[in-house]
Amino acid sequence: MMTADQRIDLYDLDLPSLEALLATWGQPRAHARLVWDWLYRRLATEFDQMTTLPPSLRERLVAETMLPIPHVLARQEAPDGETRKDLLQLADSRQVEVVLLRYRQRRSACISTQVGCTCGCPFCATGQMGFVRHLTTGEIVAQVLHLQRELAAQHRQLSNVVLMGMGEPLLNYGPTLEAVRRLIHPRAAGIPPRRITLSTVGIVPGIRRLADEDLAIKLAVSLHAATDELRDRLVPVNRRYPLDHLFDVLGAYTARTGRRVLLEWVMIDGVNDTPEQAQALADRLAGMLAHVNLIRLNATADYAGRPSTTSAIEAFIAVLDRAHIPHTMRQRRGAAISAGCGQLRSRFR
């Protein structure tokens, strides 16, 4: 019997890789596709559940592979029942947080791509905890399957996935993009690409690479400021990829893909909610295929900022309206259980 470190995480394998592995065992392609079906359509958690497989194949899967199902360490449900946050423990005892958002008929998963984050945005709880490690493809996929199993038991299914949890997806590019391919694969999670959103703080090389991928997913950029002086403070990665460089690559992205970019803007009282910042944003977006998502700051323990007032938000929006910049004021969800934008942070180390 192999040790846990030697066994293969089946969620790390795409279908051709699974077929190739089983071929080395003398198994036909049909058996690999049966395994795949148990992983992604029947949502098996144990090999014993895979009753359509030959017993000898199940025995070898047990011996040489694994299904690392995350363990739920803690769970919080919002009073309104619309948001739930799970703290998941991974095979090495590290933890990530995953959020399920329910709104009318929509069921959305907010998933993580790293344990912690290296980007250090001061108002973000994940950035405040620092970087621990990247997640594997299998660990990213497993978060979605975790929620799919529970929804399937309720005769529901996920409608959307947002990669907006812990970590910076484009700094874990390979595993993240392979996980996205698994999520949109019609024989795997089968989520339409247009219902998957990847959020980045503005990693310019990653956006450039993403533009050349054959993936019709949505791109969101955590912008939060329209001048370098302010963005250097709010999004420290701006010192490496300043706004002129970021908007150059975003322009190239929209030209290459034909898809608009979503720009996230957390509204912080007296910091980035001024008419001057709104005008600078409008000037940046003139003629660009983009949409601005505004959201009041969600409080975190280590950041003293406060959410913008209603009057400041109205004045900010008036500037965007005059410039005909498309925008949405997003409803805050999950703040009561620290599951809102910027609030995800493991409570155990």
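Colleague: How do you know that F123 and Y303 are an aromatic pair, and what makes the pair edge-to-face?

Modeller: In this predicted model, the two ring centres are 6.3 Å from each other and the planes stand at 65°. Centres within 6.5 Å make a pair, and planes over 60 degrees apart count as edge-to-face. The pair of F123 and Y303 is therefore edge-to-face.

Colleague: Are F123 and Y303 buried or exposed?

Modeller: F123 is buried, and Y303 is buried as well.

Colleague: Which parts of the chain does this pair tie together?

Modeller: F123 sits in the loop between β7 (114-116) and α4 (125-129), and Y303 in the loop between β13 and α11, so the pair ties together parts 180 residues apart in sequence.

Colleague: How many aromatic pairs are there?

Modeller: The count comes to four. One of them is formed by Y11 and Y40, with ring centres 6.1 Å apart and planes at 70°.

Colleague: Why is the pair of Y11 and Y40 called edge-to-face?

Modeller: The angle between the planes is 70°, and the cut-off for edge-to-face is over 60 degrees, so the name applies. Y11 is in the loop between β1 (8-9) and α1, while Y40 is in helix α2, 29 residues apart.

Colleague: How do you know whether Y11 and Y40 are buried?

Modeller: Buried means under 20% relative accessible area. Y11 has 0% and Y40 has 4%, so both values meet the cut-off. Ring pairs also link Y11 and Y40 with W36 into a cluster.

Colleague: What makes R29 and E19 a salt bridge?

Modeller: Their closest N and O atoms are 3.8 Å apart, and a salt bridge needs a side-chain nitrogen of Lys or Arg within 4 Å of a carboxyl oxygen of Asp or Glu. The pair therefore counts. R29 belongs to helix α2 (residues 29-40) and E19 to helix α1 (residues 15-24), so parts ten residues apart in sequence are tied together.

Colleague: Why is R29 called exposed and E19 buried?

Modeller: R29 has a relative accessible area of 54%, and exposed means over 50%. E19 has 14%, which is under the 20% cut-off for buried.

Colleague: What makes D37 and R42 partly exposed?

Modeller: Partly exposed lies between the 20% and 50% cut-offs. D37 has 24% and R42 has 44%, so both fall in that range. These two residues form a salt bridge too, with closest N and O atoms 3.0 Å apart.

Colleague: How far apart are R233 and E229 along helix α8?

Modeller: R233 and E229 are four residues apart, which means about one helical turn separates them. Their side chains meet in a salt bridge at 3.4 Å, N to O. R233 is partly exposed at 47%, whereas E229 is exposed at 52%. Elsewhere, salt bridges with shared partners join R75, R84, D86 and E150 into one network. A search of the whole structure finds 19 salt bridges.

Colleague: Why are α7 and α9 called roughly parallel?

Modeller: Helix α7 (residues 204-211) and helix α9 (residues 243-257) pack at an angle of about 5°. Angles under 35 degrees count as roughly parallel, so the term fits α7 and α9. Their axes are 9 Å apart.

Colleague: Which residues of α7 take part in this contact?

Modeller: In α7 they are V204, I207, R208, L210 and A211, and they meet residues of α9 including L246, V249 and Y253. The residues of the contact divide into eight nonpolar, two polar and two charged.

Colleague: What is said of phi in R104 and H224?

Modeller: Most residues other than glycine have a negative phi. R104 has a positive phi near 55°, and H224 has a positive phi of about 70°. R104 is in the loop between β5 (95-103) and β6 (106-110), and H224 in the loop between β11 (218-222) and α8 (228-234).

Colleague: How do you know which of R104 and H224 is buried?

Modeller: H224 has 3% relative accessibility, so H224 is under the 20% cut-off and counts as buried. R104 has 69%, so R104 is over 50% and counts as exposed.

Terms used. Residues numbered from 1 in each chain as written. Predicted model: local features only at pLDDT ≥ 70, side-chain atom pairs only at ≥ 80, totals over all residues. Heavy atoms only, no water. Axes fitted to C-alpha atoms, helices over the stretch in contact; angles between N-to-C directions. Helix = DSSP H or I, 4+ residues; strand = E, 2+ residues; numbered from the N terminus. Parallel < 35°, antiparallel > 145°, perpendicular 65-115°, else oblique. Contact = heavy atoms within 4.5 Å. Nonpolar A, V, L, I, M, F, W, Y, C, P; charged D, E, K, R; others polar. Buried < 20%, exposed > 50% of the residue type's maximum accessible area, 1.4 Å probe, protein only. Phe/Tyr/Trp six-rings, centres within 6.5 Å; stacked < 30°, edge-to-face > 60°.
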